[in-house]
Amino acid sequence: MTTDLDQAAQAILRANDRGGYTVPNGRVYPFQWNWDSAFVALGFDTFDRSRAWTELETLFLAQWDDGFLPHIVFWQDDPGYFPGPDVWASGTDPRTSGITQPPVAATVLRRLWDSAKAADESEIYRARLEALFDKALAWHRWFAAHRDPERRGVVVAMHPWETGRDNSPEWDAPGEPIDVSDVGEYIRRDTGHLDAKMRPTKLEYDRYLALVQYGRSTGWNHAEIARSNPFRVADVGMSMILLRANRDLAALARELGRDAAAGELDALVARAEAGIGWLWDPDSQTWCSRDLISGRHSGFVTNASFLSFYGGLADPDKDAAMLAHFERIAGKVRYMVPSLDPDDPGFQMIRYWRGPVWAVVNWMIGTGLLEQGHTRQGERVRSDTRAMMDQTGFFEAYSPIDGSGSGGDDFSWTAAIWLAWARGNGRCA
């Protein structure tokens with residue numbers, strides 16, 4: 001069965017390849033997405049190393065002059081997609097969105113480099129590494145300048161879509177004050193292809209569009225957005241992912257002899273290690289997001305809460321609390337790790353980011369648990385991920401209760417995680 005799934009996963013990546021970049025799913029998501037492409041590169045690396053590097057290189061072709069890397073790149077027109085490039089009005093070439101996404105790319109770049117070295121191909125890829133290193137460093141500097149206004153070492157999201165966890169309940173309370181009165185009429189593509197029960201509600205979508213309209217009204221001035229955007233939430237997921245990415249980029253800097261850059265990145269890691277405790281909620285005993293405007297913790301235990309291990313944080317008391325949450329949740333669901341605590345009254349097993357399991361987040365959680373020595377829990381995450389794919393195929397997400405598919409099918413990042421991690425180690429033939 002493993003060989004069959006290998007072939008199916010490779011076929012999905014090839015079918016969704018648009019020549020240098022990969023779409024998540026051809027019917028619902030017809031463009032290049034930022035963190036999707038990072039995960040996709042992990043999959044390509046198992047059977048087409050050069051194509052894996054190309055995926056990241058194409059993504060960074062859309063980088064803005066200030067280092068910002070957008071969450072969508074509109075390489076070609078698709079008038080049926082909403083909100084498309086005319087709604088974003090970035091004024092860039094290529095046209096892009098005006099918000100970013102979780103910075104997984106540097107961690108993936110280190111994985112690609114380690115893979116190339118293991119295959120004795122480091123000389124082939126060194127120049128490509130150097131070029132991508134500089135671009136990733138510029139992006140990380142942009143985060144430090146525009147997404148950490150209080151210099152806490154966290155990432156402050158200006159839109160729920162930036163977090164990748166688009167309609168997590170963590171954004172409900174911070175989103176309530178957003179004025180949606182001028183959003184106007186629009187037609188969504190997602191609910192035309194997928195069951196509306198899986199997707200964000202109209203009110204949630206209205207808030208998303210109001211934030212897009214606000215950003216566009218500033219001319220996508222990220223300094224102004226950071227000062228006055230109506231949604232400013234320190235996202236626990238992005239914060240842990242950037243902490244990990246800064247560690248990985250610092251390691252690459254040392255390999256390249258870039259000592260000054262390594263020192264700069266070490267300082268960003270130290271800032272995060274000193275300040276990220278602001279995202280620990282002592283009442284709920286969990287890592288969670290925190291509203292910069294109100295100062296309130298969300299209090300939710302989500303799959304992002306478990307990324308502290310991936311971020312490389314080591315605190316015996318907090319780790320013990322998170323492992324206790326892990327065991328409690330594991331006793332409630334068949335498949336780990338749901339995107340929302342099943343004991344929460346808002347848990348919905350198939351609604352976008354309010355219950356389903358996401359293979360890409362599982363990869364980060366499982367990787368972190370295994371690296372920190374929590375082998376049993378890490379292997380539980382990996383084996384559950386493998387079992388869902390074996391049972392259901394490569395869906396965007398899965399129900400943690402019965403493993404049924406949620407969201408789009410033939411999904412690129414899920415296929416990639418199968419190849420790179422869930423199936424076991426090693427390159428595929």
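**Reading cavities, core and backbone in a predicted model**

Student: How many cavities of 30 Å³ or more does the count give here?

Tutor: The count comes to 5 cavities of 30 Å³ or more. Please keep in mind that this is a predicted model.

Student: How should one describe a single cavity, and how much space lies in the second largest?

Tutor: One may begin with volume and then turn to the lining. The second largest cavity holds about 130 Å³ of space. Its lining consists of 16 residues, and Asp148, Gly153, Leu242, Asn246 and Leu268 are the closest to the centre.

Student: Which helices supply at least two residues each to that lining?

Tutor: Helix H6 (122-146), H11 and helix H12 (259-275) each do so. By residue type, the lining of the second largest cavity divides into 9 nonpolar, 4 polar and 3 charged residues.

Student: How is the largest nonpolar core to be read, and which of its residues touch the most other members?

Tutor: A nonpolar core is a set of buried residues joined through their side-chain atoms. The largest one here has 138 residues, and Phe39, Leu56, Trp287 and Met364 touch the most other members. Helix H11 (residues 236-255) gives the most to this core, namely 11 residues. H11 is also one of the helices that line the second largest cavity.

Student: Which residues is Leu56 in contact with, leaving aside its neighbours within four places in sequence?

Tutor: Leu56 is in contact with Ser37, Ala38, Ala41, Ala105, Val108, Leu109, Leu112 and Leu132.

Student: How does one read a helix, and what span does H9 reach?

Tutor: In general, an α-helix has 3.6 residues a turn, so residues three or four places apart point the same way. Helix H9 (residues 202-217) has 16 residues and reaches 22 Å from first C-alpha to last, close to the expected 22 Å. Its buried residues are Glu204, Tyr205, Asp206, Arg207, Tyr208, Leu209, Ala210, Leu211, Val212 and Gly215. After H9 comes Gly219, with a positive phi near 70 degrees.

Student: What kind of peptide bond joins Phe82 and Pro83?

Tutor: As a general matter, most residues other than glycine have a negative phi, and most peptide bonds are trans. The bond between Phe82 and Pro83 is cis, with omega about -5 degrees, and Pro83 is found in the loop between strand S2 (72-74) and helix H4 (85-88). A cis peptide bond also joins Asp93 and Pro94, with omega about 5 degrees. Pro94 belongs to the loop between H4 and strand S3 (95-96).

Student: Where is Ala89 found, and what is its phi near?

Tutor: Ala89 is found in the loop between H4 and S3. Its phi is near 50 degrees, a positive value in a residue other than glycine. Ala89 is partly exposed, having a relative accessible area of 41%.

Student: What is the phi of Asp410, and in which loop does Asp410 lie?

Tutor: Asp410 has a positive phi of about 45 degrees, although it is not a glycine. The loop that holds Asp410 runs between strand S10 (405-406) and helix H16 (412-422). Asp410 counts as partly exposed at 40% relative accessibility, because the class covers values between 20% and 50%.

Student: Where does Gly26 lie, and what distance separates its C-alpha atom from that of Asn16?

Tutor: Gly26 lies in the loop between helix H1 (2-15) and strand S1 (32-33). The C-alpha atoms of Gly26 and Asn16 are separated by 6.3 Å, the two residues being 10 residues apart along the chain. Gly26 is partly exposed, with a relative accessible area of 32%.

Note on methods:
Residues are numbered from 1 along each chain as its sequence is written. This is a predicted model: local features need pLDDT of at least 70, side-chain atom pairs count only at pLDDT 80 or more; totals for chains, interfaces and linings use all residues. Side-chain values use heavy atoms; hydrogens and water are left out. A nonpolar core is a set of buried Ala, Val, Leu, Ile, Met, Phe, Trp, Tyr and Cys residues joined through side-chain atoms within 4.5 Å. Buried means under 20% relative accessible area, exposed over 50%, partly exposed in between (1.4 Å probe, protein chains only). Helices (H or I, at least four residues) and strands (E, at least two) are DSSP runs, numbered from the N terminus. Contact means heavy atoms within 4.5 Å. On a 1 Å grid over the protein atoms alone, a cavity is a set of points where a 1.4 Å probe fits but cannot get out, and a pocket is an open set with protein on both sides within 12 Å along at least five of seven lines; lining residues have an atom within 4 Å of a point. Grid points are joined across faces, edges and corners, and a volume is the space filled by probe spheres set on the points. Ala, Val, Leu, Ile, Met, Phe, Trp, Tyr, Cys and Pro count as nonpolar, Asp, Glu, Lys and Arg as charged, and the others, Gly among them, as polar. The expected span of a helix is 1.5 Å times one less than its number of residues.
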